[in-house]
Amino acid sequence: QVHVVESGGGLVQPGGSLSLSCAASGSDSAVRVGGWYRQAPGKPREWVATNFADGSTNYVDSVRGRFTISRDVAKNTIHLQMNGLKPDDTAVYYCKVNFWDSAYEYWGQGTQVTVSS
């Protein structure tokens with residue numbers, strides 16, 4: 001069974017930093033494309049960042065320059081480094097991955113990020 005597990009969320013003050021991790025396991029192949037999404041209270045789920053198969057990245061405008069998505073190939077893990085956090089970044093953050101042997105997309109359970117003074 002494939003498992004995708006996010007971790008690293010918590011409570012942080014505005015201007016602070018958090019590092020999220022998305023650990024993928026149970027697949028016969030490695031992560032091909034990994035992405036982060038978030039859902040704030042009362043809002044639809046929003047795309048945040050993607051780490052593509054060729055290693056290129058893209059970000060939603062509101063986080064570009066503050067967030068960095070990366071991968072640890074050996075650990076089959078997608079990371080999201082978040083700096084300069086703002087109250088509007090408060091949301092449940094979800095990881096989505098697919099693998100080299102399938103285009104099926106898997107979601108993690110989410111991790112809460114709260115930015116508040």
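A search of the whole structure, which is a predicted model, finds one disulfide, a term that here stands for a pair of cysteine sulfur atoms within 2.5 Å. The two partners are Cys22 and Cys95, whose sulfur atoms lie 2.0 Å apart. The torsion about their S-S bond is about -80°, so the disulfide is left-handed. Cys22 belongs to strand 3 (residues 18-25) and Cys95 to strand 9 (residues 91-99), so the pair ties together parts that are 73 residues apart in sequence; strands are DSSP runs of E with at least two residues, numbered from the N terminus. Cys22 is buried, with a relative accessible area of 0%, and for Cys95, also buried, the value is 0%, where buried means under 20% relative accessible area, exposed over 50% and partly exposed in between, with a 1.4 Å probe and protein chains only.

Residues are numbered from 1 along each chain as its sequence is written. Local features need pLDDT of at least 70 and side-chain atom pairs count only at pLDDT 80 or more, while totals for chains, interfaces and linings use all residues, and side-chain values use heavy atoms, with hydrogens and water left out.

From the disulfide the reader can turn to the sheets. Strands of a sheet pair through backbone hydrogen bonds, either parallel or antiparallel. Four strands form an open sheet in the order 1-3-8-7, with antiparallel pairing, and two strands are taken to pair if DSSP finds at least two bridges between them. Strand 1 (3-7) and strand 7 stand at the edges, each with a single partner strand, so one side of each is left without a neighbour in the sheet. Within this sheet, strand 3 and strand 8 pair in the antiparallel sense over six bridges, and Leu18 stands opposite Met82 in strand 8.

Strand 4 pairs with two other strands: eight bridges join strand 4 to strand 9 in an antiparallel arrangement, and five bridges, again antiparallel, link strand 4 and strand 5. Arg38 shows both pairings, since its bridge partner in strand 9 is Tyr93, while in strand 5 Arg38 stands opposite Glu46. The hairpin of strand 4 and strand 5 has six residues between the strands, and there Gly42 takes a positive phi near 75°. Seven of the nine residues of strand 4 are buried, so this strand is largely enclosed by the rest of the structure.

The largest nonpolar core has 26 residues, and those with the most contacts inside it are Trp36, Phe67, Leu80, Met82, Tyr93 and Val97; such a core is a set of buried Ala, Val, Leu, Ile, Met, Phe, Trp, Tyr and Cys residues joined through side-chain atoms within 4.5 Å. The largest share of this core, five residues, comes from strand 9. Leaving aside neighbours within four places in sequence, Leu80 is in contact (heavy atoms within 4.5 Å) with residues including Leu18, Leu20, Trp36, Phe67 and Tyr93.

A polar residue is also found away from the surface: Asn51, in strand 5 (residues 46-51), is buried, with a relative accessible area of 4%. The side chain of Asn51 makes a polar contact with the side chain of Arg71 (2.7 Å), meaning a pair of N or O atoms within 3.5 Å, of which, within protein, one must be able to donate a hydrogen and the other to accept it, residues adjacent in sequence counting only if both atoms are side-chain atoms.
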